[in-house]
Structure formats: C-alpha cells, structure tokens
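Biologist: Could you walk me through this model, one question at a time? I'd like to see how you get to each answer.

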Amino acid sequence: MIGDMTRVLYYVHNMQAVTEFYRDVLGLKPIFDPKTAPTEWIEFNAGTVRIALETAFDPSGVASTHGKVVFRVDDVEKTREELIERGAELSDVMTSGEEHYCEGKDPEGNGFRISER
C-alpha cells in the first residue's frame with residue numbers, strides 16, 4: 001500500500017533565498033524538473049529522499065507556508081479508497097503534469113501526499 005517516503009515538500013515565500021540556502025549553504029545538489037519553471041518548483045538530492053520546494057500560494061492566491069511528507073504508491077486511486085475506508089480524510093485525486101496525487105492530514109494537522117511519483 002504505502003511505499004517509501006520520496007520527498008519532504010516545503011512551501012516557501014522566497015524561492016531564490018531558500019534555493020540558495022539548500023544549494024549553497026547546505027551543499028545539496030538541485031534536481032530540476034524540466035516540466036516546471038525553477039521559480040515555482042525545485043528538488044534537491046538529499047540521499048534516499050528529496051527535499052522539494054514549491055512556491056507557496058493557497059487557492060485564494062494568498063501566500064501560505066506549510067510542509068508535508070510525500071509517499072510513493074503504485075495506484076493513487078486504489079490507495080486513496082483503502083485509506084478512506086480506514087478513517088483517513090483525503091482530497092480528490094489531482095493531476096499536475098504527469099503526477100497523480102491526493103493529500104490529507106494527520107490528527108494534528110500535519111500534511112501528507114500520496115503520489116505515483
């Protein structure tokens with residue numbers, strides 16, 4: 001069902017400053033997604049997981065920050081149904097580029113995403 005954790009995703013206000021911190025201060029190697037502009041999304045190689053940065057805006061367009069862990073699954077829709085049956089509250093399945101995913105929160109409000117990527 002739930003696979004390995006693949007990414008820790010941080011939503012950030014100042015993409016350039018945070019990118020420079022992870023790249024220049026911590027020395028992590030950036031992995032650019034060619035389908036998305038680097039000003040909106042960037043990933044860094046952090047060993048067995050990646051650290052991903054995404055420009056922070058909520059649906060109303062207001063800047064927001066929060067983080068979440070991302071778990072890889074083979075089938076988002078099937079896993080979503082199984083998790084809902086076990087009591088999880090999850091968003092509808094969404095698509096961004098080639099990624100299919102849905103999101104939820106734990107009882108304390110910490111976010112997570114299940115994704116086929």
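**Starting from one acidic residue**

Biologist: Which word fits Glu99, buried or exposed?
Modeller: The relative accessibility of Glu99 is 7%. Keep in mind that this is a predicted model. The cut-off for buried is under 20%, so at 7% Glu99 counts as buried.

Biologist: Which residue forms a salt bridge with Glu99, with the closest N and O atoms 3.9 Å apart?
Modeller: A salt bridge needs the nitrogen within 4 Å of a carboxyl oxygen, and 3.9 Å is the distance between the closest N and O atoms of Glu99 and Arg117. Glu99 sits in strand S7 and Arg117 in the segment after S8, so the pair ties together parts that are 18 residues apart in sequence. The partner is partly exposed, at 33% relative accessibility. The residue you're after is Arg117.

Biologist: What else is linked with Glu99 in a network of salt bridges?
Modeller: The structure holds ten salt bridges. Some of them join up into a network that includes Glu99 and Arg117. The other members are Arg7, Glu43, Arg50, Lys68, Glu103 and Arg113.

**The strand and its neighbours**

Biologist: How many residues of strand S7 are buried?
Modeller: Strand S7 runs over residues 99-105 and is mostly covered. Glu99 lies in this strand, and at 7% relative accessibility Glu99 counts as buried. Of the seven residues in S7, the number buried is five.

Biologist: Which residue in the turn between S6 and S7 has a positive phi?
Modeller: Strand S6, residues 94-96, pairs with S7 in the antiparallel sense over three bridges. One bridge matches Ser96 with Glu99. S6 and S7 make a hairpin with two residues between them. The turn residue with a positive phi, about 65 degrees, is Gly97.

Biologist: Which residue in S8 stands opposite Tyr101?
Modeller: S7 is also joined to strand S8, residues 111-115, by five bridges. Those two strands run antiparallel. Opposite Tyr101 you'll find Ser115.

Biologist: And which residue lies over the face of Tyr101?
Modeller: To count, a charge has to be within 6 Å of the ring centre and within 35 degrees of the ring normal. Here the distance from the ring centre is 3.9 Å. The residue over the face is Arg113.

Biologist: In S8, which residue is the bridge partner of Val70?
Modeller: S8 is joined to S5 by five bridges, and these two run parallel. S5 covers residues 67-72. The partner of Val70 in S8 is Arg113.

Biologist: How far apart in space are Val69 and Phe112, C-alpha to C-alpha?
Modeller: Val69 is in strand S5, and with a relative accessible area of 26% Val69 is partly exposed. Along the sequence, Val69 and Phe112 are 43 residues apart. In space, their C-alpha atoms are separated by 4.9 Å.

Biologist: Which residue in S5 is the bridge partner of Met5?
Modeller: Strand S1, residues 5-12, pairs with S5 over five bridges. Their pairing is in the antiparallel sense. The partner of Met5 is Phe71.

**Rings, surface and one more charged pair**

Biologist: What kind of aromatic pair do Tyr22 and Phe44 make?
Modeller: A search of the whole structure finds one aromatic pair. The ring centres of Tyr22 and Phe44 are 5.9 Å apart and the planes meet at 35 degrees. Tyr22 is in helix H1 and Phe44 in strand S3, 22 residues apart, so to speak a link between distant parts of the chain. Stacked needs under 30 degrees and edge-to-face over 60, so this pair is tilted.

Biologist: What is the area of the nonpolar surface patch that includes Val25?
Modeller: Val25 is found in helix H1, residues 15-25, and at 59% relative accessibility Val25 counts as exposed. Phe21 and Leu26 help make the patch. The area is about 290 Å².

Biologist: In the salt bridge of Arg72 and Asp74, which residue is exposed?
Modeller: The side chains of Arg72 and Asp74 meet at 2.9 Å, N to O. Exposed needs over 50% relative accessible area. Arg72 has 33%, so Arg72 is partly exposed. At 68%, the exposed residue is Asp74.

How values were computed:
Residues are numbered from 1 along each chain as its sequence is written. This is a predicted model: local features need pLDDT of at least 70, side-chain atom pairs count only at pLDDT 80 or more; totals for chains, interfaces and linings use all residues. Side-chain values use heavy atoms; hydrogens and water are left out. Buried means under 20% relative accessible area, exposed over 50%, partly exposed in between (1.4 Å probe, protein chains only). Helices (H or I, at least four residues) and strands (E, at least two) are DSSP runs, numbered from the N terminus. Two strands pair if DSSP finds at least two bridges between them. Patches are made of residues with over 30% relative accessible area and no salt bridge: like charges are joined within 9 Å, nonpolar side chains (Val, Leu, Ile, Met, Phe, Trp, Tyr) within 5 Å. Accessible areas come from the Shrake-Rupley method with a 1.4 Å probe; for residues, only the protein chains shown count as cover. Rings of Phe, Tyr and Trp (its six-membered ring) pair if their centres lie within 6.5 Å; planes under 30 degrees apart count as stacked, over 60 as edge-to-face and the rest as tilted.
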